[in-house]
Amino acid sequence: MAAPAFESEAEQAVLIDATTGTVLFDKKANERMPTSSMSKIMTMYLVFDAIKQGKLKLDEMVPVSEHAWKMEGSRMFIDVGTQVKVEDLIRGVAIQSGNDASVALAEAVGGTEESFANRMNETAAKLGLTNSHFVNATGLPDPQHYSTPDDLAKLSLALMRDFPEDYRYFGEHEFTYNKIKQGNRNPLLYRNIGVDGVKTGHAEDAGYGMIASAVRDGRRLVLVVNGLSDMQARADESARLLEYGFHEFSTYAIAKAGQKLASAKTWLGESAEVSVVAAQDIAMTLPVSARGGLHAAIEYQQPVTAPIAKGQKLGKLIVTVPGSPAVETPLIAGESVARKGFFASLAAKLSLLLGGKQT
């Protein structure tokens, strides 16, 4: 699949189509790097999970410890010894990138920030983030706190998938707490280019980074960049990469889950045929220029011996495009087909032996 050439100023970057998981751009996407505040996506994943499990409530009041209050860097400006509503703390992280809010939530979920970090690593393992390790809830610099663009993209996709109703917080433009109004630190939210999240970051030894996600015409892209020289370069390069992904690639729907693609004859079935359907939605993301080379072929054997269970694998759909490996997805039975009774089956077998047709 020959994609148009693209050069990025970012030290590390990855751009992914959310529907198909296709990587549209990759620059050192598996290289370990400091996460800065981008790792707060993992902090929020655990918070949203605790809410989903009923262990934490949006209107619950949680105490602000001295440890949380003393956090340096970006802050929500919560006061030590007070109690703050969980939903306010969520906005303090998602919008204001508050380190103080991150620690307050970590302590509410895990008891201590250290215990919470252990949970972060357990969750990373469950999500298949093989090149990530967390030691705090904020992303503040630590040699043992790292991730990769690929892992951060996977994490962001998991958050959108598992907590779609909570992802909205990352797209809110501003939040006022303690009479202090702060705008969302994601500059792309204000550019009217379809961006609805997700998180910026900055570290002295790693430069400026961002996880961004945008939707256009129902198609979502997820981008991770890091190592940019300043905030303006981060915003401009991220916007340029997203534009590249939307303009140079398209996602083509090939079949919907349950869509009938063929019929297969049955042997000894009460019905003479069984529907051959797609087991799942099938789509491919390709360079716009490669659309003409897209080819799909169905492979299955018939007749299929009854009984046939709905969902039983019958074959496969093979999609090819020049320059790319073939993509294979299973085809299954669209309905169950019972086996004929004894005498009907015997008649069918005798008919076959005598050179007749199946009945």
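I started with the word "buried", which here means under 20% relative accessible area. I also noted that this is a predicted model.

**Entry: helix H3**

With that cut-off in hand I turned to H3 and found it mostly covered, with nine of its nine residues buried. The list runs Val86, Glu87, Asp88, Leu89, Ile90, Arg91, Gly92, Val93 and Ala94. I then asked myself which elements the buried residues of H3 pack against. They pack against H1, H4, S5, strand S3 (61–63), strand S4 (83–85) and strand S7 (195–203).

**Entry: the nonpolar cores**

Nonpolar side chains tend to be buried together in soluble globular proteins, and I went looking for that here. The largest nonpolar core has 56 residues, and those touching the most other members are Met42, Met44, Leu89, Ile90, Leu159 and Phe170. Elements giving two or more residues to this core include helix H1 (40–52), helix H3 (86–94), helix H6 (149–162) and strand S9 (219–228). H1 supplies the largest share, nine residues.

I picked leucine 159 for a closer look. Setting aside neighbours within four places in sequence, leucine 159 is in contact with Ile41, Met44, Tyr45, Phe48, Pro164, Tyr167 and Phe170. Apart from this core I found another, of 26 residues, with Phe25, Val225, Leu241 and Phe249 among them.

**Entry: salt bridges**

Side chains of opposite charge can pair when their charged atoms come close. How many salt bridges does the structure hold? I noted 14.

Arginine 91 came up again: its salt bridge with glutamate 172 has the closest N and O atoms 2.7 Å apart. This pair links distant parts of the chain, since arginine 91 sits in helix H3 and glutamate 172 in the loop between H6 and S5, 81 residues apart. Both arginine 91 and glutamate 172 are buried.

Next I checked lysine 154 and aspartate 150, whose closest N and O atoms are 3.3 Å apart in their salt bridge. Both lie in helix H6, four residues apart, about one turn of the helix. Is each one buried or partly exposed? Lysine 154 counts as partly exposed because its relative accessibility is 36%, whereas aspartate 150, at 14%, is buried.

My last pair was arginine 216 and glutamate 243, whose side chains meet in a salt bridge (2.9 Å, N to O). Arginine 216 is in strand S8 and glutamate 243 in helix H7, so the pair ties together parts 27 residues apart in sequence. Arginine 216 is partly exposed at 24% relative accessible area, and glutamate 243 is partly exposed at 35%.

I closed with a network: salt bridges that share partners join Glu87, Arg91, Arg168 and Glu172.

Methods. Residues numbered from 1 in each chain as written. Predicted model: local features only at pLDDT ≥ 70, side-chain atom pairs only at ≥ 80, totals over all residues. Heavy atoms only, no water. Core = buried A, V, L, I, M, F, W, Y, C linked by side-chain atoms within 4.5 Å. Buried < 20%, exposed > 50% of the residue type's maximum accessible area, 1.4 Å probe, protein only. Contact = heavy atoms within 4.5 Å. Salt bridge = Lys/Arg side-chain N within 4 Å of Asp/Glu carboxyl O.
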